Amino acid sequence: MKAIVIGTGYVGLVTGACLAEVGTQVVCVDVNAEKIKNLQKGILPIYEPGLEEIVTRNYNNGRLSFSTSLAEVIPGADIAFIAVGTPPGEDGSADLQYVLQVAKEIGTYMTDYLVVVTKSTVPVGTAVKVNREIKQAMLNRNALIDYDVASNPEFLKEGAAVQDFLKPDRIVVGVNTDRAKEMLERLYHPFLLNGRPIIFMDIASAEMTKYAANAMLATKISFINDIANLCELVGADVNKVRKGIGSDARIGNAFIYPGIGYGGSCFPKDVKALVQTGKEYGHGLRILEAVEAVNNDQKKVLFSKINRHFDGMLKGRTFAVWGLSFKPATDDMREASSLVLIEALLEAGAQVQVFDPVAMHEAKKTLGDTVKWCNDMYAAAEGADAVLLVTEWNEFRLPDWTRIKQLLKAPVVFDGRNIYDNAYLEKSGFTCYSIGVSQPAISVLSGS
(Lines give C-alpha, C1' and ligand atoms only; values in the text may rest on other atoms or scores of the structure.)
Protein backbone atom coordinates (compact mmCIF):
# COMPACT_ATOMS: atom_id res chain seq x y z
CA MET A 1 0.00 0.00 0.00
CA LYS A 2 1.28 3.47 -0.88
CA ALA A 3 0.35 6.52 1.15
CA ILE A 4 1.03 10.18 0.48
CA VAL A 5 1.20 12.58 3.43
CA ILE A 6 0.99 16.26 2.50
CA GLY A 7 2.51 18.43 5.22
CA THR A 8 5.54 17.63 7.39
CA GLY A 9 4.65 19.29 10.68
CA TYR A 10 3.90 17.39 13.90
CA VAL A 11 0.95 15.50 12.50
CA GLY A 12 2.23 14.87 8.99
CA LEU A 13 5.75 13.77 9.88
CA VAL A 14 4.64 11.52 12.73
CA THR A 15 1.91 10.00 10.55
CA GLY A 16 4.26 9.34 7.66
CA ALA A 17 7.07 7.90 9.78
CA CYS A 18 4.81 5.63 11.82
CA LEU A 19 2.97 4.31 8.77
CA ALA A 20 6.34 3.50 7.20
CA GLU A 21 7.41 1.78 10.42
CA VAL A 22 4.77 -0.94 9.89
CA GLY A 23 5.60 -1.49 6.23
CA THR A 24 3.57 1.09 4.31
CA GLN A 25 5.32 2.82 1.42
CA VAL A 26 5.10 6.51 2.35
CA VAL A 27 6.02 9.77 0.62
CA CYS A 28 5.86 12.94 2.70
CA VAL A 29 5.28 16.05 0.60
CA ASP A 30 5.87 19.67 1.55
CA VAL A 31 6.14 22.90 -0.46
CA ASN A 32 9.04 24.03 1.75
CA ALA A 33 12.07 22.89 -0.25
CA GLU A 34 14.52 23.60 2.57
CA LYS A 35 12.51 21.49 5.00
CA ILE A 36 12.42 18.58 2.54
CA LYS A 37 16.16 18.88 1.87
CA ASN A 38 16.85 18.81 5.60
CA LEU A 39 14.60 15.79 6.11
CA GLN A 40 16.52 13.95 3.40
CA LYS A 41 19.66 14.69 5.44
CA GLY A 42 18.03 13.47 8.65
CA ILE A 43 17.43 16.96 10.07
CA LEU A 44 13.93 17.20 11.55
CA PRO A 45 11.96 20.47 11.79
CA ILE A 46 10.55 19.53 15.22
CA TYR A 47 11.65 17.85 18.42
CA GLU A 48 9.61 14.79 19.29
CA PRO A 49 11.01 11.90 21.36
CA GLY A 50 11.66 8.81 19.23
CA LEU A 51 10.75 10.44 15.94
CA GLU A 52 14.26 11.02 14.61
CA GLU A 53 15.14 7.33 14.96
CA ILE A 54 12.02 6.19 13.10
CA VAL A 55 12.44 8.74 10.32
CA THR A 56 16.11 7.83 9.82
CA ARG A 57 15.49 4.09 9.88
CA ASN A 58 12.63 4.12 7.40
CA TYR A 59 14.29 6.66 5.11
CA ASN A 60 17.41 4.51 4.96
CA ASN A 61 15.47 1.34 4.17
CA GLY A 62 13.45 3.06 1.46
CA ARG A 63 9.97 2.89 2.97
CA LEU A 64 9.87 6.64 3.71
CA SER A 65 10.80 9.34 1.21
CA PHE A 66 10.35 13.10 0.88
CA SER A 67 9.35 15.28 -2.04
CA THR A 68 8.24 18.79 -2.94
CA SER A 69 6.20 17.59 -5.93
CA LEU A 70 2.76 16.11 -5.34
CA ALA A 71 2.35 15.69 -9.11
CA GLU A 72 5.37 13.37 -9.28
CA VAL A 73 4.50 11.11 -6.35
CA ILE A 74 0.71 10.80 -6.47
CA PRO A 75 0.50 8.22 -9.32
CA GLY A 76 -0.01 4.79 -7.81
CA ALA A 77 -0.99 6.12 -4.38
CA ASP A 78 -3.87 4.45 -2.54
CA ILE A 79 -4.38 7.05 0.19
CA ALA A 80 -3.50 10.74 0.48
CA PHE A 81 -3.48 12.38 3.90
CA ILE A 82 -3.94 16.14 4.11
CA ALA A 83 -1.91 17.20 7.16
CA VAL A 84 -1.22 20.88 6.56
CA GLY A 85 -1.75 23.67 9.06
CA THR A 86 -5.10 25.23 9.91
CA PRO A 87 -4.03 28.38 11.79
CA PRO A 88 -6.70 30.43 13.56
CA GLY A 89 -8.08 33.46 11.74
CA GLU A 90 -8.73 36.79 13.44
CA ASP A 91 -12.15 35.56 14.59
CA GLY A 92 -10.72 32.28 15.92
CA SER A 93 -12.06 30.13 13.10
CA ALA A 94 -9.77 27.61 11.39
CA ASP A 95 -8.14 28.93 8.24
CA LEU A 96 -8.72 26.25 5.59
CA GLN A 97 -6.85 27.85 2.70
CA TYR A 98 -3.96 25.35 2.84
CA VAL A 99 -6.26 22.35 3.17
CA LEU A 100 -8.36 23.43 0.19
CA GLN A 101 -5.29 24.27 -1.89
CA VAL A 102 -4.01 20.73 -1.34
CA ALA A 103 -7.43 19.32 -2.27
CA LYS A 104 -7.32 21.31 -5.50
CA GLU A 105 -3.86 19.95 -6.31
CA ILE A 106 -4.96 16.39 -5.59
CA GLY A 107 -7.84 16.80 -8.03
CA THR A 108 -5.42 18.21 -10.57
CA TYR A 109 -2.83 15.43 -10.39
CA MET A 110 -4.53 12.21 -9.27
CA THR A 111 -4.55 9.41 -11.85
CA ASP A 112 -6.32 6.49 -10.14
CA TYR A 113 -8.83 5.79 -7.37
CA LEU A 114 -7.71 7.53 -4.20
CA VAL A 115 -8.96 7.90 -0.65
CA VAL A 116 -8.37 11.52 0.34
CA VAL A 117 -8.17 11.79 4.13
CA THR A 118 -8.26 15.02 6.13
CA LYS A 119 -5.80 14.51 8.99
CA SER A 120 -5.57 18.22 9.81
CA THR A 121 -7.84 19.48 12.56
CA VAL A 122 -10.74 20.94 10.62
CA PRO A 123 -14.27 22.13 11.50
CA VAL A 124 -17.42 20.24 10.61
CA GLY A 125 -18.22 20.61 6.94
CA THR A 126 -14.62 20.69 5.72
CA ALA A 127 -14.91 17.34 3.94
CA VAL A 128 -17.71 18.79 1.81
CA LYS A 129 -15.42 21.67 0.80
CA VAL A 130 -12.52 19.30 0.11
CA ASN A 131 -14.77 17.17 -2.09
CA ARG A 132 -15.91 20.26 -3.97
CA GLU A 133 -12.32 21.37 -4.67
CA ILE A 134 -11.28 17.93 -5.92
CA LYS A 135 -14.31 17.61 -8.16
CA GLN A 136 -13.86 21.09 -9.64
CA ALA A 137 -10.16 20.46 -10.33
CA MET A 138 -11.01 17.27 -12.21
CA LEU A 139 -13.71 19.03 -14.20
CA ASN A 140 -11.17 21.67 -15.19
CA ARG A 141 -9.05 18.98 -16.86
CA ASN A 142 -12.02 16.97 -18.15
CA ALA A 143 -11.13 14.00 -15.97
CA LEU A 144 -13.48 11.51 -14.36
CA ILE A 145 -11.65 9.50 -11.69
CA ASP A 146 -13.31 7.73 -8.78
CA TYR A 147 -12.25 8.83 -5.28
CA ASP A 148 -13.51 9.06 -1.71
CA VAL A 149 -13.07 11.72 0.94
CA ALA A 150 -12.67 10.64 4.56
CA SER A 151 -11.89 12.20 7.94
CA ASN A 152 -9.29 10.72 10.29
CA PRO A 153 -8.59 13.15 13.16
CA GLU A 154 -5.37 12.73 15.12
CA PHE A 155 -5.15 12.36 18.88
CA LEU A 156 -1.41 12.78 19.34
CA LYS A 157 0.09 14.35 22.44
CA GLU A 158 3.19 16.41 21.75
CA GLY A 159 6.02 14.71 23.60
CA ALA A 160 4.39 11.29 23.20
CA ALA A 161 3.17 11.47 19.60
CA VAL A 162 5.12 8.46 18.31
CA GLN A 163 3.84 6.14 21.01
CA ASP A 164 0.32 7.54 20.64
CA PHE A 165 0.38 6.68 16.94
CA LEU A 166 1.97 3.25 17.28
CA LYS A 167 -0.19 2.25 20.26
CA PRO A 168 -3.39 4.31 19.95
CA ASP A 169 -6.23 4.35 22.48
CA ARG A 170 -8.58 4.41 19.52
CA ILE A 171 -8.62 5.37 15.86
CA VAL A 172 -11.52 7.49 14.67
CA VAL A 173 -12.44 7.42 10.99
CA GLY A 174 -15.27 9.17 9.20
CA VAL A 175 -16.27 7.59 5.88
CA ASN A 176 -19.29 7.48 3.58
CA THR A 177 -18.47 4.43 1.44
CA ASP A 178 -17.58 0.80 2.14
CA ARG A 179 -14.61 1.04 -0.22
CA ALA A 180 -13.00 3.83 1.79
CA LYS A 181 -13.75 1.97 5.02
CA GLU A 182 -12.05 -1.21 3.78
CA MET A 183 -9.00 0.73 2.59
CA LEU A 184 -8.49 2.53 5.91
CA GLU A 185 -9.22 -0.62 7.90
CA ARG A 186 -6.44 -2.39 6.03
CA LEU A 187 -4.04 0.53 6.48
CA TYR A 188 -4.58 0.68 10.25
CA HIS A 189 -4.74 -3.06 10.96
CA PRO A 190 -1.13 -3.22 12.28
CA PHE A 191 -1.95 -0.61 14.92
CA LEU A 192 -4.96 -2.47 16.28
CA LEU A 193 -3.19 -5.62 17.45
CA ASN A 194 -3.30 -4.33 21.03
CA GLY A 195 -7.06 -4.73 21.00
CA ARG A 196 -7.86 -1.04 20.81
CA PRO A 197 -10.79 -0.13 18.55
CA ILE A 198 -11.07 1.57 15.21
CA ILE A 199 -14.30 3.54 15.35
CA PHE A 200 -16.04 4.22 12.05
CA MET A 201 -18.67 6.93 11.84
CA ASP A 202 -20.03 9.52 9.47
CA ILE A 203 -17.62 12.24 8.39
CA ALA A 204 -19.28 15.13 10.23
CA SER A 205 -19.17 13.20 13.51
CA ALA A 206 -15.48 12.40 13.03
CA GLU A 207 -14.71 16.07 12.39
CA MET A 208 -16.60 17.04 15.54
CA THR A 209 -14.98 14.33 17.66
CA LYS A 210 -11.54 15.93 17.45
CA TYR A 211 -12.76 19.34 18.60
CA ALA A 212 -14.99 17.88 21.29
CA ALA A 213 -12.11 15.83 22.74
CA ASN A 214 -9.70 18.76 22.94
CA ALA A 215 -12.40 21.07 24.27
CA MET A 216 -13.20 18.60 27.08
CA LEU A 217 -9.54 18.31 28.09
CA ALA A 218 -9.12 22.10 28.01
CA THR A 219 -12.25 22.40 30.16
CA LYS A 220 -10.78 20.10 32.81
CA ILE A 221 -7.61 22.21 32.93
CA SER A 222 -9.44 25.52 33.26
CA PHE A 223 -11.81 23.99 35.83
CA ILE A 224 -9.03 22.88 38.18
CA ASN A 225 -7.20 26.20 37.71
CA ASP A 226 -10.35 28.08 38.67
CA ILE A 227 -10.73 25.88 41.74
CA ALA A 228 -7.04 26.39 42.56
CA ASN A 229 -7.45 30.15 42.61
CA LEU A 230 -10.44 29.82 44.95
CA CYS A 231 -8.46 27.45 47.18
CA GLU A 232 -5.87 30.15 47.76
CA LEU A 233 -8.55 32.60 48.84
CA VAL A 234 -10.31 30.25 51.28
CA GLY A 235 -7.16 28.64 52.70
CA ALA A 236 -7.56 25.25 51.05
CA ASP A 237 -4.86 23.18 49.29
CA VAL A 238 -5.75 22.36 45.69
CA ASN A 239 -3.28 19.45 45.66
CA LYS A 240 -5.37 17.72 48.31
CA VAL A 241 -8.61 18.72 46.60
CA ARG A 242 -7.34 17.26 43.32
CA LYS A 243 -6.62 13.92 44.97
CA GLY A 244 -10.03 13.98 46.58
CA ILE A 245 -11.95 14.49 43.37
CA GLY A 246 -9.58 12.53 41.12
CA SER A 247 -10.27 9.32 43.02
CA ASP A 248 -13.84 9.50 41.70
CA ALA A 249 -13.85 7.25 38.62
CA ARG A 250 -16.34 9.59 36.94
CA ILE A 251 -13.77 12.40 37.12
CA GLY A 252 -10.34 10.75 37.10
CA ASN A 253 -6.89 12.26 37.67
CA ALA A 254 -6.03 13.16 34.07
CA PHE A 255 -5.86 16.87 33.22
CA ILE A 256 -6.79 18.12 36.69
CA TYR A 257 -3.30 19.30 37.60
CA PRO A 258 -3.30 23.01 38.47
CA GLY A 259 -0.78 25.26 36.77
CA ILE A 260 -0.36 28.44 34.77
CA GLY A 261 -2.56 27.62 31.80
CA TYR A 262 -2.50 25.40 28.75
CA GLY A 263 -0.82 26.25 25.45
CA GLY A 264 0.48 24.49 22.38
CA SER A 265 -0.85 24.02 18.88
CA CYS A 266 -4.12 22.28 19.75
CA PHE A 267 -6.11 23.35 22.78
CA PRO A 268 -6.06 27.15 22.31
CA LYS A 269 -6.71 26.94 18.58
CA ASP A 270 -9.35 24.22 18.77
CA VAL A 271 -11.33 25.84 21.58
CA LYS A 272 -11.43 29.10 19.63
CA ALA A 273 -12.46 27.31 16.44
CA LEU A 274 -15.24 25.36 18.14
CA VAL A 275 -16.57 28.52 19.78
CA GLN A 276 -16.59 30.20 16.36
CA THR A 277 -18.37 27.24 14.77
CA GLY A 278 -21.05 27.55 17.41
CA LYS A 279 -21.48 31.24 16.59
CA GLU A 280 -21.78 30.47 12.89
CA TYR A 281 -24.69 28.16 13.66
CA GLY A 282 -26.28 30.55 16.14
CA HIS A 283 -25.32 28.49 19.18
CA GLY A 284 -23.16 30.10 21.84
CA LEU A 285 -20.81 27.68 23.60
CA ARG A 286 -20.79 29.49 26.93
CA ILE A 287 -18.78 26.89 28.82
CA LEU A 288 -15.96 26.98 26.27
CA GLU A 289 -15.99 30.76 26.20
CA ALA A 290 -15.40 30.63 29.96
CA VAL A 291 -12.71 27.95 29.54
CA GLU A 292 -10.78 30.25 27.21
CA ALA A 293 -11.22 33.28 29.49
CA VAL A 294 -10.01 31.35 32.56
CA ASN A 295 -6.97 30.09 30.66
CA ASN A 296 -6.02 33.56 29.46
CA ASP A 297 -6.21 34.84 33.04
CA GLN A 298 -4.32 31.83 34.41
CA LYS A 299 -1.26 32.65 32.32
CA LYS A 300 -0.94 35.87 34.34
CA VAL A 301 -1.21 34.25 37.77
CA LEU A 302 2.50 33.64 38.33
CA PHE A 303 3.38 37.22 37.44
CA SER A 304 0.75 38.45 39.91
CA LYS A 305 2.35 36.39 42.67
CA ILE A 306 5.79 37.74 41.80
CA ASN A 307 4.52 41.30 41.71
CA ARG A 308 2.83 40.94 45.11
CA HIS A 309 5.88 39.39 46.74
CA PHE A 310 8.11 42.25 45.61
CA ASP A 311 5.46 44.90 46.33
CA GLY A 312 5.38 45.91 42.67
CA MET A 313 9.08 46.84 42.66
CA LEU A 314 10.36 44.65 39.82
CA LYS A 315 12.45 47.17 37.91
CA GLY A 316 16.11 46.21 37.99
CA ARG A 317 15.46 42.78 39.48
CA THR A 318 16.59 39.56 37.81
CA PHE A 319 14.51 36.40 37.47
CA ALA A 320 15.48 32.87 36.48
CA VAL A 321 12.90 31.17 34.26
CA TRP A 322 13.13 27.38 34.16
CA GLY A 323 11.34 25.99 31.12
CA LEU A 324 10.02 27.74 28.03
CA SER A 325 8.05 25.25 25.93
CA PHE A 326 4.33 24.95 26.59
CA LYS A 327 4.88 21.45 28.07
CA PRO A 328 7.80 19.05 28.62
CA ALA A 329 9.21 16.78 25.88
CA THR A 330 8.58 19.26 23.08
CA ASP A 331 10.14 22.41 21.64
CA ASP A 332 6.74 23.88 20.77
CA MET A 333 6.45 27.50 21.89
CA ARG A 334 3.00 28.19 20.48
CA GLU A 335 0.75 29.84 23.10
CA ALA A 336 3.36 29.02 25.77
CA SER A 337 2.68 30.49 29.22
CA SER A 338 6.36 31.39 29.50
CA LEU A 339 5.97 34.03 26.80
CA VAL A 340 3.18 35.80 28.71
CA LEU A 341 5.21 35.74 31.93
CA ILE A 342 8.45 36.92 30.34
CA GLU A 343 6.71 39.73 28.47
CA ALA A 344 5.14 40.97 31.71
CA LEU A 345 8.49 40.85 33.54
CA LEU A 346 10.28 42.74 30.78
CA GLU A 347 7.55 45.38 30.65
CA ALA A 348 7.99 45.84 34.42
CA GLY A 349 11.69 46.56 33.88
CA ALA A 350 13.04 43.23 35.11
CA GLN A 351 15.85 41.20 33.58
CA VAL A 352 15.18 37.56 32.70
CA GLN A 353 17.62 34.64 32.56
CA VAL A 354 16.20 31.54 30.90
CA PHE A 355 16.96 27.88 30.36
CA ASP A 356 15.05 25.09 28.62
CA PRO A 357 16.54 21.67 27.77
CA VAL A 358 15.10 21.61 24.24
CA ALA A 359 13.16 24.74 23.27
CA MET A 360 15.90 27.42 23.41
CA HIS A 361 16.39 27.54 19.64
CA GLU A 362 12.67 27.79 18.97
CA ALA A 363 12.15 30.36 21.73
CA LYS A 364 14.88 32.61 20.32
CA LYS A 365 12.71 33.17 17.26
CA THR A 366 10.27 35.04 19.50
CA LEU A 367 12.38 36.38 22.36
CA GLY A 368 15.55 37.28 20.46
CA ASP A 369 18.05 39.13 22.64
CA THR A 370 15.49 40.42 25.16
CA VAL A 371 16.53 37.74 27.67
CA LYS A 372 19.80 36.13 28.78
CA TRP A 373 20.19 32.59 27.40
CA CYS A 374 21.81 30.19 29.87
CA ASN A 375 23.45 26.78 29.47
CA ASP A 376 21.70 25.15 32.41
CA MET A 377 19.28 25.82 35.25
CA TYR A 378 22.07 26.75 37.67
CA ALA A 379 23.48 29.37 35.33
CA ALA A 380 19.97 30.83 35.03
CA ALA A 381 19.65 31.01 38.83
CA GLU A 382 22.98 32.77 39.37
CA GLY A 383 22.42 36.27 40.76
CA ALA A 384 18.63 36.07 40.36
CA ASP A 385 16.08 37.39 42.83
CA ALA A 386 13.92 34.27 42.41
CA VAL A 387 13.50 31.06 40.44
CA LEU A 388 10.33 30.75 38.34
CA LEU A 389 9.43 27.17 37.39
CA VAL A 390 7.33 27.34 34.22
CA THR A 391 7.71 24.00 32.40
CA GLU A 392 8.02 20.82 34.46
CA TRP A 393 10.91 19.13 32.65
CA ASN A 394 12.22 16.10 34.56
CA GLU A 395 15.61 17.68 35.21
CA PHE A 396 13.94 20.48 37.15
CA ARG A 397 12.20 18.10 39.56
CA LEU A 398 15.06 17.54 42.02
CA PRO A 399 17.66 20.30 41.75
CA ASP A 400 20.50 20.83 44.22
CA TRP A 401 18.65 23.25 46.46
CA THR A 402 21.73 23.98 48.55
CA ARG A 403 23.51 25.15 45.43
CA ILE A 404 20.46 27.09 44.25
CA LYS A 405 20.28 28.88 47.59
CA GLN A 406 23.90 29.97 47.23
CA LEU A 407 23.35 31.21 43.68
CA LEU A 408 20.23 33.28 44.37
CA LYS A 409 20.21 36.72 45.93
CA ALA A 410 17.50 35.42 48.25
CA PRO A 411 15.90 31.94 48.43
CA VAL A 412 12.57 32.50 46.66
CA VAL A 413 10.85 30.00 44.36
CA PHE A 414 7.68 30.44 42.32
CA ASP A 415 6.45 26.99 41.33
CA GLY A 416 4.08 27.37 38.39
CA ARG A 417 3.45 23.62 38.05
CA ASN A 418 3.21 22.46 41.67
CA ILE A 419 6.07 19.96 41.42
CA TYR A 420 7.95 20.97 44.56
CA ASP A 421 7.46 20.05 48.20
CA ASN A 422 6.67 23.39 49.80
CA ALA A 423 7.17 22.09 53.34
CA TYR A 424 10.67 20.80 52.51
CA LEU A 425 11.68 24.04 50.78
CA GLU A 426 10.41 26.15 53.66
CA LYS A 427 12.39 24.02 56.13
CA SER A 428 15.40 24.62 53.91
CA GLY A 429 14.95 28.36 54.25
CA PHE A 430 13.11 29.08 51.00
CA THR A 431 10.00 31.12 50.46
CA CYS A 432 7.96 29.03 48.03
CA TYR A 433 4.84 30.00 46.11
CA SER A 434 2.74 27.49 44.16
CA ILE A 435 -0.67 27.36 42.50
CA GLY A 436 -3.82 26.83 44.55
CA VAL A 437 -2.11 26.84 47.94
CA SER A 438 -2.36 29.68 50.47
CA GLN A 439 0.73 31.87 50.12
CA PRO A 440 3.26 32.76 52.84
CA ALA A 441 1.80 35.37 55.14
CA ILE A 442 4.77 37.71 54.92
CA SER A 443 6.58 38.82 51.78
CA VAL A 444 10.34 38.78 52.11
CA LEU A 445 11.90 41.23 49.69
CA SER A 446 15.22 40.22 48.19
CA GLY A 447 18.02 42.29 46.78
CA SER A 448 16.63 45.56 48.16
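Me: How many positive and negative side chains does the protein have, and how far apart do the centres of the two sets lie?

Reply: This is a predicted model. Charge can be read by counting each kind of side chain and then locating the centre of each set. Here there are 46 positive and 52 negative side chains, and the two centres lie 2 Å apart.

Me: What does the radius of gyration say about the protein?

Reply: The value is set against the one expected for a compact globule. For 448 residues that would be near 22 Å, and the protein has 24 Å, so the two agree. Along the principal axes, the C-alpha atoms fill a box of roughly 75 × 45 × 40 Å.

Me: What share of the residues is buried?

Reply: Buried means under 20% relative accessible area. By that cut-off, 52% of the 448 residues are buried. The protein exposes about 19,900 Å², with carbon and sulfur atoms supplying 52% of that area.

Me: Which secondary structure elements does the protein have, and how many of each?

Reply: The count gives 18 helices and 14 strands. One of the strands is E1, residues 2-6, which contains Lys2.

Me: Which residues is Lys2 in contact with, beyond its neighbours within four places in sequence?

Reply: Among them are Gln25, Val27, Gly76 and Ile79. Val73 and Pro75 are also contacts of Lys2, and here the atoms can be named. A polar atom of the Lys2 side chain lies 2.6 Å from the backbone oxygen of Val73. The Lys2 side chain also reaches the backbone oxygen of Pro75, at 3.1 Å.

Me: What percentage of contacts between residues at least 6 apart in sequence joins residues at least 24 apart?

Reply: In this protein it is 74%.

Conventions:
Residues are numbered from 1 along each chain as its sequence is written. This is a predicted model: local features need pLDDT of at least 70, side-chain atom pairs count only at pLDDT 80 or more; totals for chains, interfaces and linings use all residues. Side-chain values use heavy atoms; hydrogens and water are left out. Helices (H or I, at least four residues) and strands (E, at least two) are DSSP runs, numbered from the N terminus. The radius of gyration is taken over C-alpha atoms; the globule rule is 2.2 Å times the number of residues to the power 0.38. Buried means under 20% relative accessible area, exposed over 50%, partly exposed in between (1.4 Å probe, protein chains only). Contact means heavy atoms within 4.5 Å. Accessible areas come from the Shrake-Rupley method with a 1.4 Å probe; for residues, only the protein chains shown count as cover. Lys and Arg count as positive and Asp and Glu as negative; His and the chain ends are not counted. The place of a charge is taken as NZ of Lys, CZ of Arg, CG of Asp or CD of Glu. A polar contact is a pair of N or O atoms within 3.5 Å; within protein, one must be able to donate a hydrogen and the other to accept it, and residues adjacent in sequence count only if both atoms are side-chain atoms.
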